[in-house]
Amino acid sequence: MKYLDSSRSPYTVLFLPHSVEHYNIGMLEALQKWVKVLTWRPKILIRGLRGILKELIKLLNDQLIIHANTAFEAREILKYVNNAKVVVVEHGYPDIEDERIRNEKELYIASLKELDALLEIYYEYGLPLITISEFSARELHKRYGVKVYKVIHHGVLAAFRTERPREYPRRDVIKILSVVHLHPIDSPELLIEATGKIPSSYREKLFILLRGDGPLKHDIVRKLKDLGVSFKLIPRLPFSYMPYIYKTADIYVHTSHIEGFGFPIVEAMASGLPTIIPSYGAAPEICGKCIHFKAYDSFDLADKILLLINDSETYN
C-alpha cells in the first residue's frame, strides 16, 4: 500500500488494484494535491480486502472514499463492505446489442456482467455514477435509463505534451499511426480500406504504423501486403514508450466509432499530430477541431488523408 499525503482535506481516496491504470494516473496525481490518496498495488480479489477496508473505514472515521473503475468492481466492494463510500467511474457503456460483441462469447458475457452490476448499483444501491464523455452519458440514459451524476473527461500525461504542432512533413515518406484494438468493434479495417482507395502515386509514399493486437491481425497484414503498402505492427511495449511512438508519426487516424472516450485521440493531439476521427461517438466531443470523416466511410477517410498530405495549411 502506498500512501500519498496531503493536508488539504480530511478525506482519503483509495484506488483499488484495477483502478490505477495509465488513463487515470493523471487523475491520481491531481487528486493528491487536494486529498490523501491510498493506492493498493497487489492484484488480489476484492474480498481479500474486506478486513483491510473495514479497518480503514473505522480508522478514518467514515472519511474513506473508494474509487471503483467499473460497476462490477463497485458491487464487489459493497458486497463485502456494505457501508463503504464508493465513487464509480463507468468508462463508456455496456453494449449488448452490437452484433460484433454478441458474436464474441467472452466479450458478450463480460458486457452482460457489467450491465447487471451497473443496474444494481444504480437502482438498488443508488450510487452516483461518473462517466467520461457526454456521449457515454447519453448512451447510458437512452439504453438503460441511467442518469450520470457528472461527466469528467480524461486528461493526458505531461509526457505526451508538446509546445507546438507538428510541422508539415517535407519528405518522401508519410507515416500514419493508428493505436487500435485489431478487432471488428474498433473498425481497424477502415484505415486499410481507405489506404486501398488512395491513388498509387500517393499510396507508395505511405508507411502505416499499427499499435495493437487482436483477431484481425493476420487479415490486416495480408491486406496491407496485397496493397503493397509499407507497414509495421508495433508490438506490446511498456506504456512509457508510447510518447516516442507518437513522435515518429506524421498523421494519426482513429477508427473506433463506439468508444466512450478514445484515449489515443488526446494523446495524439497532445503530441501535436494532425488527427483524423470519425464523426460519430465520443470522438467529435473529445476533439472538435480534428478532421472528421463520415461514419464507417472509407472513401471519405481516404479523402481526408489526401487532404492532409496535399495541403500544408490544413496540416499545420
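Which residue in β9 is the bridge partner of Leu177? Keep that question in mind during the tour, which runs on a predicted model.

**Whole chain.** Start with everything displayed. The protein has 316 residues, and 50% of them count as buried. Coloured by secondary structure, the protein shows 14 helices and 13 strands. Turn on the surface: the accessible area is about 16,100 Å², with carbon and sulfur atoms contributing 52%. Among contacts with a separation of 6 or more, 65% are between residues 24 or more positions apart.

**The sheet.** Select β8 through β13. These strands form an open sheet of 6, in the order β10-β9-β8-β11-β12-β13, and the pairing is parallel. At the edges sit β10 (230-234) and β13 (291-293), each of which pairs on one side only. On average, neighbouring strands in this sheet are turned by 25° against each other, direction ignored.

**One strand pair.** Now select residues 174-179, strand β8, and residues 206-211, strand β9; the two run parallel and are joined by 6 bridges. Here the opening question is settled: Leu177 has Leu209 in β9 as its bridge partner.

**Two helices on the sheet.** Next, add residues 189-197, helix α7. This helix packs on the sheet and touches β8, β9, β11 (251-253) and β13. Look along β9: the direction of α7 makes about 175° with that of β9. Then select residues 263-270, helix α11, which also packs on the sheet. The strands touched by α11 are β8, β11 and β12 (275-278), and its direction makes about 160° with that of β12.

Methods. Residues numbered from 1 in each chain as written. Predicted model: local features only at pLDDT ≥ 70, side-chain atom pairs only at ≥ 80, totals over all residues. Heavy atoms only, no water. Helix = DSSP H or I, 4+ residues; strand = E, 2+ residues; numbered from the N terminus. Buried < 20%, exposed > 50% of the residue type's maximum accessible area, 1.4 Å probe, protein only. Contact = heavy atoms within 4.5 Å. Areas by Shrake-Rupley, 256 points an atom, 1.4 Å probe, with all protein chains shown as cover. Pairing = 2+ DSSP bridges. Axes fitted to C-alpha atoms, helices over the stretch in contact; angles between N-to-C directions.
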